[in-house]
Amino acid sequence: MRSSDPHHPQPPKSIEGLRLRARLRYLYHGTQPTAVKFRLMVILIDLAIIGFFIAAPILKEAGWVFYALDYLVALILGLDLAARAYAHSSLKEWLKRPIVWVDLFVLATLLFPAWLANFGFLRLLRFWSLLNSDLFWRTVGRRFDDTRVEEITRAAVALITFIFVTTGFVYAYFRGKADGINGYLDALYFTVATLSTTGFGDITLPGNWGRLISIIIMLVGITLFIRLAQTLIRPHKVKFPCPSCGLQKHDPDAVHCKACGLLLNIPDEGN
């Protein structure tokens, strides 16, 4: 009920909404210790949720307990996404980000587990979206943002995410249909053996579709391995856009832009 005291008028709802948005922006984008601690808590909760996704094939045997946890995770993820959307300056711009659509799809699989059960393995894309988010690199990895560490981390995350998403797919669609795939560990063993091109041959996927899927796993796995190796071996470059031609990365000790020859003034790392 709105207060009738003229000395303490209640603010209009629009002002209350603005205050809520300002608080959320402070928590999700601020640099103060309180905001950083809040984001650390969000990241820890995210990692716990990802652990739940990995264990989901085993936890499904718990029956209603699993579905209760499923909807609890959906509630937490939904509140987090709603808060991020409200804190963003433009909802339309927020929805243009691919990571947002990945998270929305993950939320859909949680809200409708009976209808989207066959797509549950895609929930592990949440790991990729977390480690590629600005929230993570502004909080945990702020010292390594736009550095070699970030490049290596992103490449490793892409490989790990592919392994677990593929494992989930093989487990969901070939459990009991392929000889040797009776549990999640069997699916993980097949995925690692295939993408590393080791291919022991004790577990194979049946039919032409099985062969095609195995070929795709090998090709994508090799590509991700090469990408990770390149980030580990190739010379380190710093992100410093050239004011003239726009070349994004240069050697740390570069004096001139290699593309257009413009004199650069790259600051020392750590300054």
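Visitor: What share of the contacts in the chain with a separation of 6 or more comes from residues 24 or more positions apart?
Guide: In this predicted model, such residues account for 53% of those contacts.

Visitor: What makes up the chain, read along the sequence?
Guide: The chain has 10 helices and 2 strands. The pattern is α-α-α-α-α-α-α-α-α-α-β-β.

Visitor: Why is α8 called oblique to α9?
Guide: The axes of α8 (residues 148-174) and α9 (residues 184-195) cross at roughly 125° and come within 8 Å. Angles of 65 to 115 degrees count as roughly perpendicular and those over 145 as roughly antiparallel, with the rest oblique. The value at this crossing therefore makes α8 oblique to α9.

Visitor: Which hand does the crossing of α8 and α9 have?
Guide: The crossing is right-handed.

Visitor: How many residues of the contact of α8 with α9 are nonpolar, polar and charged?
Guide: The contact divides into 11 nonpolar residues, 4 polar and no charged.

Visitor: Which residues in α8 and α9 meet?
Guide: From α8 they include Phe 162, Ile 163, Phe 164, Val 170 and Tyr 171. In α9, Tyr 184, Leu 188, Phe 190 and Leu 195 are among them. Thr 166, Thr 167 and Gly 168 in α8 also take part, as does Thr 191 in α9.

Visitor: What percentage of the 271 residues count as buried?
Guide: The figure is 35% of the chain, where buried requires under 20% relative accessible area.

Visitor: What area does the chain expose, and what do carbon and sulfur atoms supply?
Guide: The exposed area is about 16400 Å², with 66% of it supplied by carbon and sulfur atoms.

Conventions. Residues are numbered from 1 along each chain as its sequence is written. This is a predicted model: local features need pLDDT of at least 70, side-chain atom pairs count only at pLDDT 80 or more; totals for chains, interfaces and linings use all residues. Side-chain values use heavy atoms; hydrogens and water are left out. Axes are lines fitted to C-alpha atoms, for helices over the stretch in contact, and angles run from 0 to 180 degrees between N-to-C directions. Helices (H or I, at least four residues) and strands (E, at least two) are DSSP runs, numbered from the N terminus. Angles under 35 degrees count as roughly parallel, over 145 as roughly antiparallel, 65 to 115 as roughly perpendicular and the rest as oblique. A crossing is left-handed if the near helix is turned anticlockwise from the far one by less than a right angle, and right-handed if clockwise. Contact means heavy atoms within 4.5 Å. Ala, Val, Leu, Ile, Met, Phe, Trp, Tyr, Cys and Pro count as nonpolar, Asp, Glu, Lys and Arg as charged, and the others, Gly among them, as polar. Buried means under 20% relative accessible area, exposed over 50%, partly exposed in between (1.4 Å probe, protein chains only). Accessible areas come from the Shrake-Rupley method with a 1.4 Å probe; for residues, only the protein chains shown count as cover.
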